[in-house]
Amino acid sequence: MNAHHLPTDDALRRELHNEVHARPSARVRLPALIVYVAVLNEGIRRETECQHLRALPGQENLSDAQIRGNFLRLRCEGFTLKWERHTEFTRYTIIQAMPAHATWGSHLPDMAQHVATGTPWLRAIPGKTVAAIQLAMLTEDMVEASVLDKAQQWLGEGTIIGSRMGNSAERPSHSMLLTNLRIGADGFERMLVLAPADTPEGRAGRISQRVLELETYRLMALRGLPIAKHLASALGQAENRLADITARLESKQESDQTLLDDLVALAAHVERATAEHGYRFSATRAYNAIVQERISELRERPISGTQTVSEFMQRRLAPAMATVAVSYTHLTLPTNREV
């Protein structure tokens, strides 16, 4: 339906306008446990995902039409589930009450067996797991003197990174993030967010979305690294072949046709690599840009005795992204295109 005062709508006007509202942050009442799973969805049809969602209690009548918009929030008894489909992956976010045994200071509490959907439903999610996180959002005092010891007990082995979040000149930080970025025996990473008891539900939802997206996009960005490493030797060999052909051309010891055939073969090799891996490298750059954006949104302040998330990412992620950038540059250099 169009307003009578305007020309006819473009076919995409409503869809593009409503994209800004397509993935609203959840409202999270603290304390809460958020169980998050992101799976690669290549070859997985929406109808298959919808069928799996129908297996949730009270969702038997869920229709395929309801998931055409790439976002759906389902309210089930005792928990809320958010489904989001992206180009390469689908995210499932379960928001539920904290199990009674998993309070602040507990020693590596088991939570996988207490997921509100049930473990069998979780295990049967269509796709291959790329990220799985148990995010506990607790209403605790952010006292630095004791926070690292208690966090170590809750998170398990591994060096803790973390920071105070939301720091600005106008007001102090509103929460604290702690994690060791380790995959536990149950297949999940663990993250802790400590915040005051009066934290608004909307703010808690935005905090959870930022930290979960940060880790998801970090892992998606790194998917270009193994390819870049694999291509490094092949691209080096291609450069050596080009240098050899150039030397042979200068010496004029071979026919023009022989040299042309070798050049065409080398060009085809580079073009094939570009076609096969160009998208992956472009996606890596885009995912890394989102990681940097999410880090800036945390507005971190250091916790004494540990690295901030941005420091950790700079030291661990930046070299990987540089490796990918070098491979991408080699694939797209005009000189390679013209061999």
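So, which element gives the most to the lining of the largest cavity? It's α5, with five residues. Helices here are DSSP runs of H or I, at least four residues, strands are E runs of at least two, and both are numbered from the N terminus.

Quick housekeeping. This is a predicted model, so local features need pLDDT of at least 70 and side-chain atom pairs pLDDT 80 or more, while totals for chains, interfaces and linings use all residues. Numbering starts from 1 along each chain as its sequence is written, and side-chain values use heavy atoms, with hydrogens and water left out.

Okay, cavities. By cavity I mean a set of points on a 1 Å grid over the protein atoms alone where a 1.4 Å probe fits but cannot get out, and lining residues have an atom within 4 Å of a point. There are four cavities of 30 Å³ or more, and the largest is about 90 Å³, volume being the space filled by probe spheres set on the points, which are joined across faces, edges and corners. Its lining includes Y36, K82, R91 and E213. Besides α5 (201–221), β3 (79–85) and β4 (89–96) each give two or more residues to that lining.

Now the packing. A nonpolar core is a set of buried (under 20% relative accessible area, 1.4 Å probe, protein chains only) Ala, Val, Leu, Ile, Met, Phe, Trp, Tyr and Cys residues joined through side-chain atoms within 4.5 Å. The largest has 42 residues, and V28, L135, M137 and V211 have the most contacts inside it. Here too α5 gives the most, with eight residues.

Definitions and conventions
1 Å grid on protein atoms, 1.4 Å probe; cavity = no way out; pocket = protein on both sides within 12 Å on 5 of 7 lines; lining within 4 Å. Buried < 20%, exposed > 50% of the residue type's maximum accessible area, 1.4 Å probe, protein only.
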